[in-house]
Amino acid sequence: MTEHVLVEKSGGVLTLTLNRPEKKNALTGEMYAKVGDSITAANDDPSIRCVLIQANGDMFTSGNDLASFAAVNSGETPAGDRRGGSALILALAAAKVPIVAAVNGRAVGVGTTMLLHCDQVLVDENALLTTPFVNLALVPEAASSITLPARIGHARAFSMFVLGEAVDAKKAEAWGIANAVVPAGELRARARAVAEAIASKPPAAVAITKALMRESARYLARIEEEGGHFGNQLKSPEAKEAFAAFREKRAPDFSKAG
Ligand code: COA
């Protein structure tokens, strides 16, 4: 079976490569667990000084696998059995190791909200960041109801969450989500160079600096609060309509749901 997350370690950098290009790197429970567990293990591994997250194919990720959301909605997967994104989200919010992201093309949903937990973000010129939770009758996750407004302001964050506004590479840089926009052909090398630069710094000073800059306890509490709402919405009639519309490749009609 194809490995949907490739893991490689060299020069103090642990590289995690999303590798499900045929499904636009839609994230399954296994993929979340592999990335999340790798980050958690890296926290206590002195040979890893930085984690680099990148993706194969023509986009970073299309976000959570919508088939698995639909399976919870229909009752096929009991909500309690759903491993889902929490393995990754919790690991990111509690991460001690510095994290660099190289974003090629689209980053949907958690693909964007995970960037707010990364310490350096490079995007290529095709990057397009979207958080279409409300379009899917869902709500923000990964503590993004705190981190996104804090980063870009309430009005812009509301546009992204509720109106589904897409943020292109230039805006991502201007709004402080990304450090820089780089040519697609240079993305990997540039991100690797940033990760290696971090890896060369004194590790204790880096770890303390990151911990002081992040509010992990607050993020973890918000993730729990968001998760309750997210779980309820996932089972709602309006979400059922949104998932059916995606499957049937049509626009949703929320006038009938609710
Ligand atoms: N979950 C499951 N499968 C997905 C997926 C997702 N999030 N995103 C894409 N795919 C699948 C498609 O169903 C399609 O599978 P198929 O070839 O078996 O039909 C394949 O990946 C290619 O996707 P396609 O839609 O043809 O690619 P595209 O380049 O035209 O569009 C997107 C890419 C990302 C714009 C579009 O796929 C999309 O909107 N996906 C849903 C994103 C989303 O809402 N994610 C959840 C956020 S919380």
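# Packing, ligand shell and backbone of a predicted model

The buried residues of helix H1 pack against strand E1 (5–10), strand E2 (13–18), strand E3 (50–55), helix H3 (86–93), strand E4 (99–103) and helix H4 (110–113). The structure described here is a predicted model. The residues of H1 that are buried are Met 31, Tyr 32, Ala 33, Val 35, Gly 36, Ser 38, Ile 39 and Ala 42. The length of this helix can be checked against its residue count. H1 comprises 15 residues, 29–43, and at 1.5 Å a residue these should span 21 Å; the C-alpha atoms at its ends are 21 Å apart, so the expected and computed values agree.

Strand E2, one of the elements against which the buried residues of H1 pack, contains Thr 15. Is this threonine buried or exposed? Its relative accessible area is 6%, and because the limit for a buried residue is under 20%, Thr 15 counts as buried. Beyond its neighbours up to four places away in sequence, Thr 15 touches Leu 6, Val 7, Glu 8, Leu 52, Gln 54 and Arg 192.

The loop between H1 and E3 holds Arg 49. With a relative accessibility of 30%, Arg 49 counts as partly exposed, because that class covers values between the 20% limit for buried and the 50% limit for exposed residues. A polar atom of the Arg 49 side chain lies 3.4 Å from the backbone oxygen of Pro 46. Apart from residues up to four places away in sequence, Arg 49 touches Gly 12, Val 97, Pro 98, Ile 198, Ala 199, Lys 201 and Pro 203. The C-alpha atom of Arg 49 is separated by 51 Å from that of Ser 255, which is 206 residues away along the chain.

The ligand is the next subject. Which residues come nearest to it? Of the 15 residues around the ligand, these are Lys 23, Lys 24, Ser 62, Asn 64 and Leu 66. An N or O atom in the side chain of Lys 23 is 2.6 Å from an oxygen atom of the ligand. Backbone atoms also take part: a backbone N or O atom of Ser 62 lies 2.8 Å from a ligand nitrogen atom, and a polar backbone atom of Leu 66 is 2.8 Å from a nitrogen atom of the ligand. Taken alone, the ligand exposes 870 Å², of which the protein buries 65%. The shell of residues around the ligand consists of 7 nonpolar, 2 polar and 6 charged residues.

Another buried site is His 117, located in the loop between H4 and strand E6 (120–124). This histidine has a relative accessible area of 1% and is therefore buried. Leaving aside neighbours within four places in sequence, His 117 is in contact with Leu 92, Ala 93, Ile 99, Ala 142, Ala 143, Lys 210, Arg 214 and Tyr 219. Of these contacts, Tyr 219 is 102 residues from His 117 along the chain, yet the C-alpha atoms of the two residues are separated by 9.8 Å.

Ala 143, one of the contacts of His 117, leads to the question of backbone geometry. Most residues other than glycine have a negative phi. Ala 143, by contrast, has a positive phi, near 65°. This alanine is placed in the loop between strand E7 (128–130) and helix H5 (144–152), and at 0% relative accessibility it counts as buried.

Helix H5 is also among the elements that cover the buried residues of H6, which include H4, E7 and strand E8 (167–168) as well. In H6, residues 154–162, the buried positions are Ala 157, Ser 159, Met 160 and Phe 161. After H6 comes Gly 164, with a positive phi near 70°.

Helix H11 spans residues 237–247, and its buried residues are Ala 239, Glu 241, Ala 242, Phe 243, Ala 244 and Ala 245. Their cover includes helix H2 (66–74) and helix H10 (216–234). Just after H11, Lys 249 takes a positive phi of about 50°, a positive value in a residue other than glycine. How does the setting of Lys 249 compare with that of Ala 143? Ala 143 is buried at 0% relative accessibility, whereas Lys 249 is exposed, with a relative accessible area of 78%.

Conventions
Residues numbered from 1 in each chain as written. Predicted model: local features only at pLDDT ≥ 70, side-chain atom pairs only at ≥ 80, totals over all residues. Heavy atoms only, no water. Helix = DSSP H or I, 4+ residues; strand = E, 2+ residues; numbered from the N terminus. Expected span 1.5 Å × (residues − 1). Buried < 20%, exposed > 50% of the residue type's maximum accessible area, 1.4 Å probe, protein only. Contact = heavy atoms within 4.5 Å. Near = heavy atom within 4 Å. Polar contact = N/O pair within 3.5 Å; in protein donor to acceptor, adjacent residues only side chain to side chain. Areas by Shrake-Rupley, 256 points an atom, 1.4 Å probe, with all protein chains shown as cover. Nonpolar A, V, L, I, M, F, W, Y, C, P; charged D, E, K, R; others polar.
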